[in-house]
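Colleague: I am new to reading structures, so please take me slowly through one part, the largest cavity and the elements around it.

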Amino acid sequence: MSLAGSSLKPSTQSASGSKQEELIVSFITRSTATLGVIAAASLALAGCASAPAATTAAPVNYKACMVSDSGGFKDASFNEEAYNGLLNAQKDLGVQVGTVESPNNATQTDYTSGVQSMVDAKCNLIVNVGFNLAVATRDSAKANKSIDYALIDSALSNDDYSPLSLSNVKPIQYDTAQAAFLAGYLAAGTTKTGKVATYGGMLFPSVTIFMDGFKQGVDYYNKVKGTKVVVLGAQGADSSKWAATGDFNDQSKGKTLTEQFFAQGADIILPVAGPVGIGSGQATLDHKGTLVIGVDSDWYGIPTHKDYKANILTSIEKKMAGAVESVIKDGVDGKFMGGDANQYVGTLANGGVMIAPQHDVAYPSGIQAELDQLKADIIAGKIKVTSIYSK
């Protein structure tokens, strides 16, 4: 798309222009074909420890650790949701914890150093949050086979991007497109202008899967309702070419890009960009009648989003906290099982993904019942949401 007169041009990444992205999507798709068992001075080191939770369980001799992606554990989004699972495990299971917050704009050196610091801290399990930590996870797991690892939002690959499965690494992934489909349908039914928009931070598969599902939901609404709601932020028919800010940290970029979409007539925005999305929420305060859709957690209940909580249409949730606590419990109980055959994929069916319930924004009459039926139809396979998990 073209944002005429804009000082901030959305960066896009085409499938044909990025062989690496194609290979990344390919190995994730192939690796998920085995889903049979689904159920640094700049680093802040916590004890590497976090502030202890109010423990209700008897202490156990087990240390669960976590390394964040850039943005840190208070990003009001992805990292924070995963971190809550670690804190819950500390409280409920009595485990010791250790954490590393990767700096903004972290490099592979930062990630490698962060993971190694958790190895040095004698962790039994290291949970690494995000696609960016895949290489550091792989290399550390190969070198430390007595330590268990969990990797959120990615499988492993070799240097040539062919899929790799390690018995001490459990991938935790999410078919976010399923929930995003529902959010797209809701957005299409709610818009007053006939235009909605979306953008990413960086165009990793774990980002574009939200946007793909969102657009499919809008398209489905158009099909069944005979409408022509447009999704701004996609380049033509190829949804691999999404608008992006190029990072996950600069909130001003999110606000500027969102204002450009609003200037083109969009009244609902889906930012898939971590803390950058806060800028989109702020933009709704300056444009009456506009709404934002949250990602990863229910934004409505997070204090960071309180100023514009009345403008949150819904949120596309990935229930990472529950998955993190579950894998830690398996470790404590001696039941940890890694490898692709034992990876976890969150879906609508198992409650790993969902859209948040209605809050302040009034939904169109009857649409909640339609959403409920769509969810049932997706679970039953009557509606196919295409994603990197499609067989």
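Modeller: Happy to help; we begin with the cavity and then follow the elements that line it.

This is a predicted model, in which local features need pLDDT of at least 70 and side-chain atom pairs count only at pLDDT 80 or more, while totals for chains, interfaces and linings use all residues. Residues are numbered from 1 along each chain as its sequence is written, and side-chain values use heavy atoms, with hydrogens and water left out.

The largest cavity holds about 270 Å³ of space. A cavity here is a set of points on a 1 Å grid where a 1.4 Å probe fits but cannot get out, and its lining residues have an atom within 4 Å of a point. The volume is the space filled by probe spheres set on the points.

Look first at the lining, made of 22 residues. Asp 69, Phe 78, Val 207, Phe 248 and Asp 296 lie nearest the centre of the largest cavity. By kind, the lining has 10 nonpolar residues, 7 polar and 5 charged (Asp, Glu, Lys and Arg count as charged; Ala, Val, Leu, Ile, Met, Phe, Trp, Tyr, Cys and Pro as nonpolar; the others, Gly among them, as polar).

Which elements supply at least two residues of this lining? They are helix H2 (78-93), helix H6 (205-225) and strand E14 (291-296). Helices (at least four residues) and strands (at least two) are DSSP runs numbered from the N terminus. H6 gives the largest share, 3 residues.

Now follow the two helices outwards. The axes of H2 and helix H9 (residues 320-332) come within 7 Å and cross at roughly 40°. Axes are lines fitted to C-alpha atoms, and angles run from 0 to 180 degrees. H2 and H9 are therefore oblique to each other (not under 35 degrees, over 145, or 65 to 115). H6 packs against helix H5 (residues 176-190) at an angle of about 45°, with their axes 6 Å apart, so H5 and H6 are oblique as well.

Finally, strand E14 leads us into an open sheet of 6 strands, in the order E10-E9-E13-E14-E15-E17 and with mixed pairing. Two strands pair if DSSP finds at least two bridges between them. Strand E10 (230-232) and strand E17 (353-355) stand at the edges with a single partner strand each, so one side of each has no neighbour in the sheet. From one strand to the next, the twist averages 20°. Within this sheet, strand E9 (residues 195-200) and strand E13 (residues 268-272) run parallel and are joined by 5 bridges. On your screen, you can find Gly 200 opposite Val 272 in E13.

Conventions: 1 Å grid on protein atoms, 1.4 Å probe; cavity = no way out; pocket = protein on both sides within 12 Å on 5 of 7 lines; lining within 4 Å.
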